[in-house]
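These are my notebook entries on one protein model. I set down what I looked up, entry by entry.

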Amino acid sequence: VSKGKSMVAALRPMGEVAITPREISHTAAQLENLGYDIIRLGKDTRVVMEATGRYHEPIATALHEMGIYVCVLNPIVIKQSGGGSVRKVKSDKKDALKIAKYGLDNWSNLREHTPMDAVRQQLKLFSRQYNLYMKTVVSLQNNLISLLDKTFPGVNELFDSPARDDGHQKWVDFAADFWHCDCITRQGEKAFTDRYQKWCRRKGYHFSVNKAEDIYASSAGHFTTLPKNDNTKLLITSAAAELTATMRILMTVKAEVSRLARLLPEYNTVLSMYGVGDITGAQ
C-alpha cells in the first residue's frame, strides 16, 4: 500500500497465483472492482495488507464494508517473516506476493480489521494532535508570560480558574484587556472595582470584591521595562489572542479524544486504574 495506490496479488495454497500482481488506484470504482474480484475467488478468502500510516485506511474500509475479511499488519511483522526466501528482492510486485504468502502461512493467526480498529486509529491520530497543540500552547503561554513580565509582572498568578471549553482562560483574557499595570494604577481602587465588575459580567466570569482589591494591590509598585503605548499593547494583545485561539483548538481536540475513547470496550477498565484521568486514559 502506498499513497493513493496499491499493488495487489492473490495466492492459493501450494503457491498458485490467483491474481497476478497489478496496481490499483484508491478510487471508488477501482476499489469496488477489486472487491468483486476478491469475492469471486471464493468465500474463504482473506485480504492481508501492511499498515502504512493513513494510506491503507481507504482500501481496508472499502473492502471491509463489502463483507471481505481484512487483516492489517505491522510492516515489521512481514519483514521479519522472511517470506521463505533467502534472496532480498525488493519490488512492489514481489512484496505483494510475499504478503500473500505470509497470509497463507499464518492463516489461523490473522486478526480481522474491524471498525473498532478504525476508532483506535482515529484516537491515536487525535492523541498525537493533542500532544502537538499542547506543546504549542505551552510555548505560546511562556511567550505571553515573558512579555507580561515587562508590563505587569505576576498577572498570570492572580487567577487560578481552569480553562473553559471554548479555550478562554481568565488570566489571559484579563491580560489582554489590562495589558499594563498602569491600566489599573492610573485610576482609583473604586473605579477599577466597578470596571472589573463590568468586565467579569461581559466575559462571563465570577466577580469578587476581594479579588478586585487583590488585583489592584498587586498592580502597584512594579518597575516595568516596556512603556504603556500602542506598540506594547499590540505585542500583548496579539500574543494573548494567539494563545486563546490555540487553546480553543486544543479543547476541541481534547473533547474528541474523550469521545473516541468512550467508544472502546476497554475504556472503563483503563479509567478505573489509580491516577488515570480522561486524557491519560485515552492515550
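**Entry 1: Met 14.** I began in the loop between β1 (5–12) and β2 (16–25), where Met 14 sits. Helices (H or I, at least four residues) and strands (E, at least two) are DSSP runs, numbered from the N terminus. The model is predicted: local features need pLDDT of at least 70, side-chain atom pairs count only at pLDDT 80 or more, and totals for chains, interfaces and linings use all residues. Residues are numbered from 1 along each chain as its sequence is written, and side-chain values use heavy atoms, with hydrogens and water left out.

I noted that Met 14 is not a glycine, yet has a positive phi of about 75°. Most residues other than glycine have a negative phi. Is Met 14 buried or exposed? Met 14 counts as exposed, at 86% relative accessibility. For this I used the following classes: buried is under 20% relative accessible area, exposed is over 50%, and partly exposed lies in between (1.4 Å probe, protein chains only). I also looked up the separation from Lys 101, which is 87 residues from Met 14 in sequence and 9.6 Å away in space, C-alpha to C-alpha.

**Entry 2: the whole chain.** I recorded twelve helices and four strands in the protein chain. The C-alpha trace spans about 90 × 40 × 35 Å along its principal axes. I then checked the radius of gyration: the chain has 29 Å, whereas a compact globule of 283 residues would have a value near 19 Å. That radius is taken over C-alpha atoms, and the globule rule is 2.2 Å times the number of residues to the power 0.38.

Of the 283 residues, 35% are buried. I counted contacts (heavy atoms within 4.5 Å). Among those between residues at least 6 apart in sequence, 65% join residues at least 24 apart.

I looked up the charges as well: the chain has 38 positive and 30 negative side chains, and the centres of the two sets lie 5 Å apart. Lys and Arg count as positive and Asp and Glu as negative, without His and the chain ends; each charge is placed at NZ of Lys, CZ of Arg, CG of Asp or CD of Glu.

**Entry 3: the nonpolar cores.** A nonpolar core here is a set of buried Ala, Val, Leu, Ile, Met, Phe, Trp, Tyr and Cys residues joined through side-chain atoms within 4.5 Å. Which members of the largest core touch the most others? I found Leu 144, Phe 174, Phe 192 and Tyr 196, in a core of 45 residues. The helices that each supply at least two residues to this core include α5 (115–148), α6 (170–177), α8 (189–203) and α10 (230–262). The most comes from α10, with eleven residues.

A second, separate core has 13 residues, among them Leu 34, Ala 60, Leu 63 and Ile 68.

I followed Phe 192 further: beyond residues up to four places away in sequence, its contacts include Phe 174, Phe 178, Ile 184 and Tyr 216. Helix α6 is mostly covered, with six of its eight residues buried. The buried residues of α6 include Trp 171 and Phe 174, and also Lys 170 and Asp 173.

**Entry 4: single residues in helices.** Leu 123 belongs to α5 and is buried, at a relative accessible area of 6%. Setting aside neighbours within four places in sequence, I found Leu 123 in contact with Val 257, Leu 260, Ala 261, Leu 264 and Ala 282. The C-alpha atoms of Leu 123 and Met 49 are 21 Å apart, with their positions 74 residues apart along the chain.

Thr 246 lies in α10 and is buried, at 11% relative accessibility. With the same kind of neighbours left aside, Thr 246 is in contact with Tyr 133, Thr 136, Val 137 and Leu 140. From Thr 246 to Thr 232 I noted 14 residues in sequence and 22 Å in space, C-alpha to C-alpha.

Gln 197 is located in α8. How does Gln 197 count, and at what relative accessibility? Gln 197 is partly exposed, at 30%. The C-alpha atoms of Gln 197 and Ser 208 are separated by 7.9 Å, and the two residues are eleven apart along the chain.
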